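Biologist: I'd like to learn how to read a structure like this one, feature by feature. Could you walk me through it?

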Amino acid sequence: MARRRVGVLGDDADDARAKILTAAEAVIQRYGVVKTTMGDIAQEVGVSRPTIYRYFGDRDAVLSAMVEARSRRLFGKARAYLRQRPTFGEQVVDGLVFLVDRGRRDPIMQLIVSPEHMDTATALLGSSGLAARLTTEMWSPLIDEARKRSEIRPGTTTEDICDWITMVQLILMGRKDFGSEDDPEHRRMLTRFLLPAIVDGTVLAGAEAGAGRPSGVVDDPA
């Protein structure tokens with residue numbers, strides 16, 4: 001059993017939270033999402049359980065913070081990757097496939113959103129509004145740029161677009177049949193059913209023309 005060390009988390013709150021999240025990742029990979037407790041996390045860090053509660057109200061708060069941190073690590077790279085696409089329609093299609101693929105490769109995200117843990121994922125990402133907030137953070141700059149190019153369907157708000165993207169992303173994350181990001185069927189489906197709701201009709205043709213091609217035609221930030 002790990003010894004409890006006084007002051008192990010230090011005086012900086014952000015640093016303390018980061019240490020707790022690092023410990024939580026280790027514990028979740030060891031025991032799984034369902035079996036991990038706040039006591040396990042406290043033991044991993046080497047502090048008392050009340051100390052953990054000082055920074056996170058419950059286990060779901062820890063999981064939410066982990067999802068936020070891991071998502072934000074990807075956002076900058078993802079936006080740079082998508083800005084290599086000539087139209088917003090292509091950005092949406094390739095972006096969804098790219099983000100879902102990376103999320104499913106992430107060992108922690110994979111544990112949280114795996115089919116057997118979808119109740120947990122729904123509570124964390126859907127009911128709490130976390131998925132919507134992260135989607136808005138990720139996509140708002142690209143949506144603003146697309147508006148300046150007159151690519152957004154008239155009357156469609158940023159909130160509308162992000163709501164659609166959030167819903168579709170959660171569906172794709174939970175699908176067992178989601179295979180390689182190079183699978184053209186995913187792009188065709190998104191182009192046919194998602195884009196008409198958010199992209200101006202005059203720019204849909206370009207997205208439809210590129211719907212079947214793999215995303216690897218430009219540099220992938222990996």
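Biologist: Let me start with one residue: is Arg30 buried, partly exposed or exposed?

Modeller: Before anything else, keep in mind that this is a predicted model. For your question, you look at the relative accessible area: under 20% is buried, over 50% is exposed, and partly exposed lies in between. Arg30 has a relative accessible area of 46%, so it counts as partly exposed.

Biologist: And which residue does Arg30 form a salt bridge with?

Modeller: The partner is Glu44, with the closest N and O atoms 3.1 Å apart. Glu44 is partly exposed too, at 33% relative accessibility. When you find such a pair, check which elements the two ends sit in. Arg30 belongs to helix H1 (residues 13-31) and Glu44 to helix H2 (residues 38-45), so the bridge ties together parts that are 14 residues apart in sequence.

Biologist: Let me step back. What secondary structure does the chain have?

Modeller: There are twelve helices and zero strands. Read from the N terminus, every element is thus an α in the string α-α-α-α-α-α-α-α-α-α-α-α. The chain has 222 residues, and 46% of them count as buried.

Biologist: How much of the contact pattern joins residues that are far along the chain from each other, say at least 24 apart?

Modeller: Take the contacts between residues at least 6 apart in sequence: 72% of them join residues at least 24 apart.

Biologist: Back to salt bridges. How many does the structure hold?

Modeller: The count is 13. One of them joins the side chains of Glu25 and Arg70, at 2.6 Å from N to O. Glu25 is in helix H1 and Arg70 in helix H4, so this pair ties together parts that are 45 residues apart in sequence.

Biologist: Are those two residues, Glu25 and Arg70, buried or exposed?

Modeller: Glu25 is buried, with a relative accessible area of 16%. Arg70 is buried as well, at 14%.

Biologist: What about a salt bridge inside one helix, such as the one between Arg72 and Glu68?

Modeller: There you count places along the helix. Both residues lie in H4, four residues apart, which is about one turn of the helix. Their side chains meet at 2.9 Å, N to O. Arg72 is partly exposed at 39%, and Glu68 is partly exposed at 23%.

Biologist: Which residues do salt bridges with shared partners join into one network?

Modeller: Glu25, Arg70 and Asp106. You'll find Asp106 in the loop between H5 and helix H6 (107-113). Asp106 is buried, with a relative accessible area of 17%. The side chain of Asp106 also makes a polar contact with the side chain of Arg70, at 2.9 Å.

Biologist: Now the nonpolar interior. Which residues touch the most other members of the largest nonpolar core?

Modeller: That core has 34 residues, and the ones touching the most other members are Phe88, Val92, Met138, Trp139, Leu190 and Ile198. Next, ask which elements contribute. Two or more residues each come from helix H4 (59-82), helix H5 (88-105), helix H8 (130-148), helix H9 (158-174) and helix H11 (195-198). H5 gives the largest share, eight residues. A second, separate core holds 21 residues, including Ala23, Ile28, Val62 and Met66.

Biologist: Which residues is Phe88 in contact with, beyond its neighbours in sequence?

Modeller: Leaving aside neighbours within four places, the contacts of Phe88 include Trp139, Leu142, Ile143, Ala146, Ile161 and Ile198. Some of those names return in H8, where the buried residues include Met138, Trp139, Leu142, Ile143 and Ala146.

Biologist: Why does the length of H8 agree with what one should expect?

Modeller: You compare the expected span with the distance between the end C-alpha atoms. At 1.5 Å a residue, the 19 residues of H8 should span 27 Å, and the ends are 28 Å apart, so the two agree.

Biologist: Where does H8 bend?

Modeller: At Trp139, by about 45°, with a proline, Pro141, following within four residues. Just after H8, Ser150 takes a positive phi of about 60°.

Biologist: One last spot: where is Val8 placed?

Modeller: Val8 is in the segment before H1. Not counting residues up to four places away in sequence, Val8 touches Lys19, Val45, Gly46 and Val47. The C-alpha atoms of Val8 and Lys19 are separated by 9.4 Å, and the two residues are eleven apart along the chain.

Note on methods
Residues numbered from 1 in each chain as written. Predicted model: local features only at pLDDT ≥ 70, side-chain atom pairs only at ≥ 80, totals over all residues. Heavy atoms only, no water. Core = buried A, V, L, I, M, F, W, Y, C linked by side-chain atoms within 4.5 Å. Buried < 20%, exposed > 50% of the residue type's maximum accessible area, 1.4 Å probe, protein only. Contact = heavy atoms within 4.5 Å. Expected span 1.5 Å × (residues − 1). Bend = angle between axes of the 7 residues up to and from the residue. Salt bridge = Lys/Arg side-chain N within 4 Å of Asp/Glu carboxyl O. Polar contact = N/O pair within 3.5 Å; in protein donor to acceptor, adjacent residues only side chain to side chain.
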